[in-house]
Each structure stands twice: as structure tokens, then as C-alpha cells.
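Q: Please give me a close look at the pockets of this model, beginning with the largest, and then follow the chain onward from there. I would like one connected account rather than a list.

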Amino acid sequence: MAVRTLGVEEEFLLVDPDSGEPRAVGSTVLRRAGEGELTAELQAEQVETATDPVRDLGDLLGEIHVRRAEAARAARAAGVEAVPLATPPVAADAHVSPSPRYRAMVERFGRTGRQQLTCACHVHVAVDSAEEAVGALDRIRPWLAVLIALSVNSPFWSGADTGYAGFRSQVWGRWPSAGPTGPYGSAAAYRELTEALLGTDTLLDEGMLYFDARLSHQHPTLEVRVADVCREPADAVLVAALTRALVETAAREWAVGVPADPVRTEVLRLAAWRASRSGLDDDLLDPRTWRPAPAADVVRALVDHVRPALDDAGDLDTVGELWHALAARRPGATHQRRAFEKGGDLRAVVLDALAARD
């Protein structure tokens, strides 16, 4: 059985290397990058990279290093740095990118759109059909909050500590189409919901279906969108490997008729909130019981849940090594707070993220 391909999209803040303040130079960075290497995002203070689809985790790590280096070179040519921070530590007024679609989004959604200077990590996993993809979507729902906890990298917002490890999730959740979803049951039901939401004339297009996980409308993939952009490339690989294993496990369950967990969406929202609040530093909701449990125990439960898929892909040892390294090193939020305490200002937070980028 072939291992599913996967790819990673990462968004980066563009900041002044001296002050750490975001700079609205996305269009200039794209011109410096050349054709196809980077893409624009909603705000002019950010850019996005995307890896090619790969099967091997070592190849994925190499792809992430290459894409981050491309973003770094283009940013420096424009006089800024591209840094893996999921929210800007230094207060900034965001500027919408020069795209008619993005301008229409901000005009319609007001401050929710104007304040979306956030950077995420999206993982795409290949699927064989829409039916398989929806079957997998229905069955990965309980575990997505754990991916938030593993990636938290956004404790600061508007110049202050938010009290959250992953505040990006809170900002992103203001979109009316964002967050966890209920089970669909079939590709037809997924399409019916999509058409119903678009029929309200609230969203501009299908690209604004900002669910935690969705069928990509551009690629034959299932796209998981919950993670912060990670401080270090290895952490992005860990999130991607667990995402692929979740999709593979869920697809196998769907194929043999294992029912999806009927957990309510309201419970999933609480699980996501706890993950964004404390990351790995406090209890998470355990999908086996929906009661609080130590974060490390919940991560190990996720690994156990997807162990056969990890083993079949040859990823089990690598994921174990990446998880143990992250558990010892801690996610980006911890490093941001340490950098602030040590340096005494938020510019130190930016410099710390810059040092870990490559």
C-alpha cells in the first residue's frame, strides 16, 4: 500500500530587522522571490510558502528548509526578515494586500479582517476520493486540538502577553466560518453544507470555508488548518506526520465501517480553547474520555491511536524522536516568553524566532 503524499504550507511575518515591527512589503518580497516561490496572504505584512508533495518525512524536512530559505532571501532583498511567528509580538496596524478579493473580504468583515495578521501551518494529505476524504474528516475531529497544543507559537498580541500560548486560534476564530465542525456522513452532505453556507451570501467564495479541516478546493487533498506556524522546521514535520497518520487511520476506519465519534462540536470548541490557552503546559481534553488529562499523556494517546499508520509509513521512530525533542525543548510560545524575559523587550522575541527559522 502506497504511503500518502503530504505537503505543508507555512505563513511568515515580514518584520523590520531592527525594530521587529511588521512591514507591509509583501508585494515587494514576492517580486524579489520570482515566479511561484511565494504567495501573498490577506495582509501585506506576510507571505506564504508551500512544499511540494512528498512521502518521506526526511524529504519534507528538506522541503521546509528550502522554502524557508527562499522566503528569507526574498525578504532580505526587500529589506525585511521573514519570521515564524504566528502573531506579531510588536503592535502593528495591518494593511490588506493589493488583491480585489482580499479587499472585498476586509470591506465585508471589517475589523475581523483587518486584524487577521496571523500565521498558520496547513497540512495537506492526499486522498483517493471525496467520500474517503469526508469519511476521514468525520473521524479526525476529536484529535485536532492536540495539534494546536503541539504547535502553539503566539503568546503575544498588540505588544502584550495574552495569557494564551496560541492566541492565533482565538483571533482566527472570529471568522464566522472558522472552527470545528460536526460529522457529515457523506460527500453529498459536505457539498450540501458548502452550498448552504455559500447560499447565505455571507462568505465571498469556497476559499472562505475556514473549517479546522476541509476538502481542498484546489488539490485532491484533505487540508488540516489548526496549527500555528511552528518556530522550528522539525516541529512542522511532527505536526505533518501526525496529521497524515490521523488521516490514514481515519480512512481505514471509514473503509471498514467504524463509526465516527459523535462528540458534539461544542465539546471540540472547549478542547481547542484549552489547547490554545496552555499548549503543552497544562491539561488537555483527552478524546478517549473528554476529561482533562496531562498534555503529555494526551499526546501519547494520539500516537497510540495512529501507531499502525505511523508504523506502516515508516514514521514511528521519527515521530517518537520529534515528540521527545519537542517535549524537552517546548513549543514556540515558551521560547517567546523566555526571550522576552531575558531581553526585556519584544524585539528580542522576534530575534529569537529568526534564529530558529532555518
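A: In this predicted model, the largest pocket has a volume of about 980 Å³. It is lined by 46 residues, among which E9, E48, H124, Q218 and E223 are the closest to its centre. Two or more lining residues come from each of strand 1 (6-15), strand 2 (39-40), strand 3 (46-50), helix 2 (57-77), helix 3 (100-109), strand 5 (120-126), helix 7 and strand 9 (221-228). By class, this lining divides into 16 nonpolar, 17 polar and 13 charged residues.

The second largest pocket, with a volume of about 310 Å³, is lined by 18 residues, and those closest to its centre are S169, G173, G179, D212 and A272. Helix 7, strand 9 and helix 10 are the elements that each give two or more residues to this lining, so that helix 7 and strand 9 appear in the lists for both pockets. The lining of the second largest pocket holds nine nonpolar, five polar and four charged residues.

Helix 10 merits a closer look of its own. It covers residues 265-278, and because a rise of 1.5 Å a residue would have its 14 residues span 20 Å, the 20 Å between its end C-alpha atoms agrees with expectation. Its buried residues are T265, L268, A271, A272, A275, S276 and S278; A272 is thus both buried and one of the residues closest to the centre of the second largest pocket. An α-helix has 3.6 residues a turn, so residues three or four places apart point the same way. The cover over the buried residues of helix 10 includes helix 6 (144-151), helix 7 (168-172) and strand 10. Just after helix 10, G279 takes a positive phi of about 60°.

Farther along, the backbone again calls for attention. Most residues other than glycine have a negative phi. W290, which is not a glycine, nevertheless has a positive phi, near 60°, and this residue sits in the loop between strand 10 (284-286) and strand 11 (291-293). W290 counts as buried because its relative accessibility, 17%, is under the 20% cut-off. R330, likewise not a glycine, has a positive phi of about 80°, and its place is in the loop between helix 13 (316-329) and helix 14 (332-343).

How values were computed
Residues numbered from 1 in each chain as written. Predicted model: local features only at pLDDT ≥ 70, side-chain atom pairs only at ≥ 80, totals over all residues. Heavy atoms only, no water. Helix = DSSP H or I, 4+ residues; strand = E, 2+ residues; numbered from the N terminus. Buried < 20%, exposed > 50% of the residue type's maximum accessible area, 1.4 Å probe, protein only. Expected span 1.5 Å × (residues − 1). Contact = heavy atoms within 4.5 Å. 1 Å grid on protein atoms, 1.4 Å probe; cavity = no way out; pocket = protein on both sides within 12 Å on 5 of 7 lines; lining within 4 Å. Points joined across faces, edges and corners; volume = space filled by probe spheres on them. Nonpolar A, V, L, I, M, F, W, Y, C, P; charged D, E, K, R; others polar.
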